[in-house]
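The report below follows a chain from one loop residue to its surroundings, and then turns to strands and loops elsewhere. Please keep the sequence and the structure in view while reading.

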Amino acid sequence: MPGLTIGDTIPDLDVQTTQGRIKLHPFCAKAWTILFSHPGDFTPVCTTELGKMAEYSSEFSQRGVKLLGLSCDDVESHKEWIKDIEAYTPGCKVNYPIISDPEREIIKKLNMVDPDEKDSTGNLPSRALHIVGPDLKIKLSFLYPATTGRNMDEVLRVIESLQKASKFKVATPANWKAGDPVVISPTVTNDQAKDMFSQGFKTVDLPSKKEYLRFTNV
């Protein structure tokens with residue numbers, strides 16, 4: 001589906017949420033934001049996901065990340081649904097706003113439409129998740145069908161990867177997790193790497209003899 005994707009600036013939409021009206025640019029500016037959509041209130045997979053977001057909210061907060069949910073029902077429905085979400089996840093509070101989109105207009109502008117899931121009103125939101133950087137640009141997107149719930153450990157992992165890459169000239173290899181070595185960007189020469197990574201780095205000896213696979217810890 002064409003629309004908002006990696007590298008695009010998030011539109012400055014004025015939206016109604018469970019915590020009042022907000023504009024996306026002021027809300028997202030100078031912080032990392034996870035913007036995630038759900039097919040509907042009072043549905044099983046969505047209830048588990050929002051509960052997990054509430055459970056992980058302190059982890060995201062520690063990393064300077066804001067949470068912003070979206071579902072196509074109205075605010076009053078969201079507020080009633082939150083009671084179920086918190087009951088399902090004891091001790092966890094939904095302390096992040098949830099956008100209301102009963103007309104299904106916001107999901108179109110945010111590229112969060114599931115083309116295969118519909119009700120009497122029209123297309124439902126997909127399980128989309130955009131990670132927005134402090135510069136208001138989309139840094140990463142997940143797009144799942146309504147039938148597949150997301151893994152919050154993976155969301156936390158990619159946040160840590162993005163933040164690491166934004167601070168250092170590094171990337172994270174396959175199956176990377178916090179604390180593992182990272183790889184140095186190919187744009188960094190060995191001489192530059194010696195200056196930038198005083199802790200040192202290890203170059204993997206490959207058949208090509210090209211010294212592009214260099215690991216370090218940051």
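Asp41 sits in the loop between β3 and α2, where helices (H or I, at least four residues) and strands (E, at least two) are DSSP runs numbered from the N terminus. The model is a predicted one, in which local features need pLDDT of at least 70 and side-chain atom pairs count only at pLDDT 80 or more, whereas totals for chains, interfaces and linings use all residues. Residues are numbered from 1 along each chain as its sequence is written, and side-chain values use heavy atoms, with hydrogens and water left out.

**Asp41 and its surroundings**

Asp41 is buried yet has no salt bridge, and the nearest side chain of opposite charge, that of Arg104, is 9.8 Å away. Here buried means under 20% relative accessible area, exposed means over 50%, and partly exposed lies in between (1.4 Å probe, protein chains only). A salt bridge is a side-chain nitrogen of Lys or Arg within 4 Å of a carboxyl oxygen of Asp or Glu; for charge, Lys and Arg count as positive and Asp and Glu as negative, while His and the chain ends are not counted. What Asp41 does have is a polar contact between its side chain and the side chain of Ser71, at 2.8 Å. Such a contact is a pair of N or O atoms within 3.5 Å; within protein, one must be able to donate a hydrogen and the other to accept it, and residues adjacent in sequence count only if both atoms are side-chain atoms. With neighbours within four places in sequence left aside, the residues in contact with Asp41 (heavy atoms within 4.5 Å) are Ser71, Asp73, Asp74, Ser77, His78 and Trp81.

**Cys46**

An unreviewed UniProt entry places the feature "active site" at Cys46; such annotations may be inferred rather than shown by experiment. Cys46 belongs to helix α2, residues 44–62, and is buried, because its relative accessible area is 0%. Apart from neighbours within four places in sequence, Cys46 is in contact with His38, Pro39, Gly40, Trp81 and Arg127.

**Strand pairing**

Strand β8 (residues 127–132) pairs with strand β9 (residues 138–144) in the antiparallel sense over 6 bridges, pairing being assigned if DSSP finds at least two bridges between two strands. Leu129 stands opposite Phe142 in β9. The two strands β8 and β9 form a hairpin with 5 residues between them, and Leu136 in the turn has a positive phi of about 70°.

Elsewhere, 4 strands make up an open sheet in the order β10-β11-β13-β12, with antiparallel pairing. Its edge strands, each pairing on one side only, are β10 (170–171) and β12 (202–203). β10 is joined to β11 (residues 182–184) by 2 bridges, and Ala171 has Val183 in β11 as its bridge partner.

**Loop residues**

Most residues other than glycine have a negative phi. Two lysines in loops have positive values, as the table shows.

| Residue | Phi | Loop | Relative accessibility |
|---|---|---|---|
| Lys30 | near 65° | between α1 (24–28) and β3 (32–38) | 80%, exposed |
| Lys209 | about 65° | between β12 and β13 | 58%, exposed |

Ser208 also lies in the loop between β12 and β13 (214–216), and counts as partly exposed because its relative accessibility is 40%. The C-alpha atom of Ser208 is separated by 47 Å from that of Val45, and the two residues are 163 residues apart along the chain.
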